[in-house]
Amino acid sequence: MTESAKGAPTDGATVVACPDGPLLVRGSFTVVDQAGEPVPRSRATVALCRCGGTAIAPWCDGTHKVNGYRSDG
């Protein structure tokens, strides 16, 4: 694994917590369900729901905008 100038890993996945929104995941990763089975994805970058209101779990569908979800911090 290599490191960026700030010391952050540059291989694997990067996760960004969007304020009051989803987790954006980029890079090389696998999402698995509760049984440990891979969840198919069609994009290199995905948005994972944090509000719990999505109709397409585990993916974000924008429901956080209407249900008033607020993240900490």
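Does H64 count as buried or exposed, and at what relative accessibility? The legends below walk through a predicted model, and this residue gets a close-up of its own.

**View 1. H64 sits in the helix of the chain.** At 11% relative accessibility, H64 counts as buried, because the cut-off for buried is under 20% relative accessible area. Its home is helix α1, which covers residues 64-67. Now look for the company H64 keeps, leaving aside neighbours within four places in sequence: H64 is in contact with D20, G21, P22, C51 and Y69. One of these partners, C51, returns in the last view.

**View 2. The whole chain contains one helix and three strands.** Follow the protein chain from its N terminus and you will meet the elements in the order β-β-β-α. The chain has 73 residues, and 19% of them are buried. About 5300 Å² of the protein chain is exposed, with 52% of that area supplied by carbon and sulfur atoms. Contacts can also be sorted by how far apart the partners lie in sequence: among those between residues at least 6 apart, 23% join residues at least 24 apart.

**View 3. Three strands make an open sheet.** Across the sheet, the strands come in the order β1-β2-β3, and their pairing is antiparallel. Residues 13-17 form β1 and residues 45-48 form β3; these two strands stand at the edges. Each edge strand has a single partner strand, so one side of each has no neighbour in the sheet. From one strand to the next, the twist averages 20°.

**View 4. β2 and β3 are joined by four bridges.** Strand β2 spans residues 23-27, and its pairing with β3 runs in the antiparallel sense. Two of the partnerships are easy to look up by residue name. R26 has T45 of β3 as its bridge partner, and L23 is matched with L48 of β3.

**View 5. The side chains of β3 alternate between two faces.** Which residues of β3 point to one face and are buried? They are V46 and L48. T45 and A47 point to the other face, and these two are not buried. Try stepping along the strand one residue at a time to see this alternation.

**View 6. V15 belongs to strand β1.** With a relative accessibility of 54%, V15 counts as exposed, because exposed means over 50%. Leaving aside neighbours within four places in sequence, V15 is in contact with L23, L24 and V25. You can also compare V15 with T45: the two are 30 residues apart in sequence, and their C-alpha atoms are 9.7 Å apart in space.

**View 7. C49 and C51 appear in a structure with zero disulfides.** A disulfide is a covalent bond between the sulfur atoms of two cysteines. How far from C49 is the nearest cysteine sulfur? That sulfur belongs to C51 and is 3.8 Å away, and C49 is in no disulfide. C51 is likewise in no disulfide, its nearest cysteine sulfur being that of C49. The reasoning needs one cut-off: a pair of cysteine sulfur atoms must be within 2.5 Å to be a disulfide. Both residues are partly exposed: C49 has a relative accessible area of 21%, and C51 has one of 22%.

Conventions:
Residues numbered from 1 in each chain as written. Predicted model: local features only at pLDDT ≥ 70, side-chain atom pairs only at ≥ 80, totals over all residues. Heavy atoms only, no water. Buried < 20%, exposed > 50% of the residue type's maximum accessible area, 1.4 Å probe, protein only. Pairing = 2+ DSSP bridges. Axes fitted to C-alpha atoms, helices over the stretch in contact; angles between N-to-C directions. Contact = heavy atoms within 4.5 Å. Areas by Shrake-Rupley, 256 points an atom, 1.4 Å probe, with all protein chains shown as cover.
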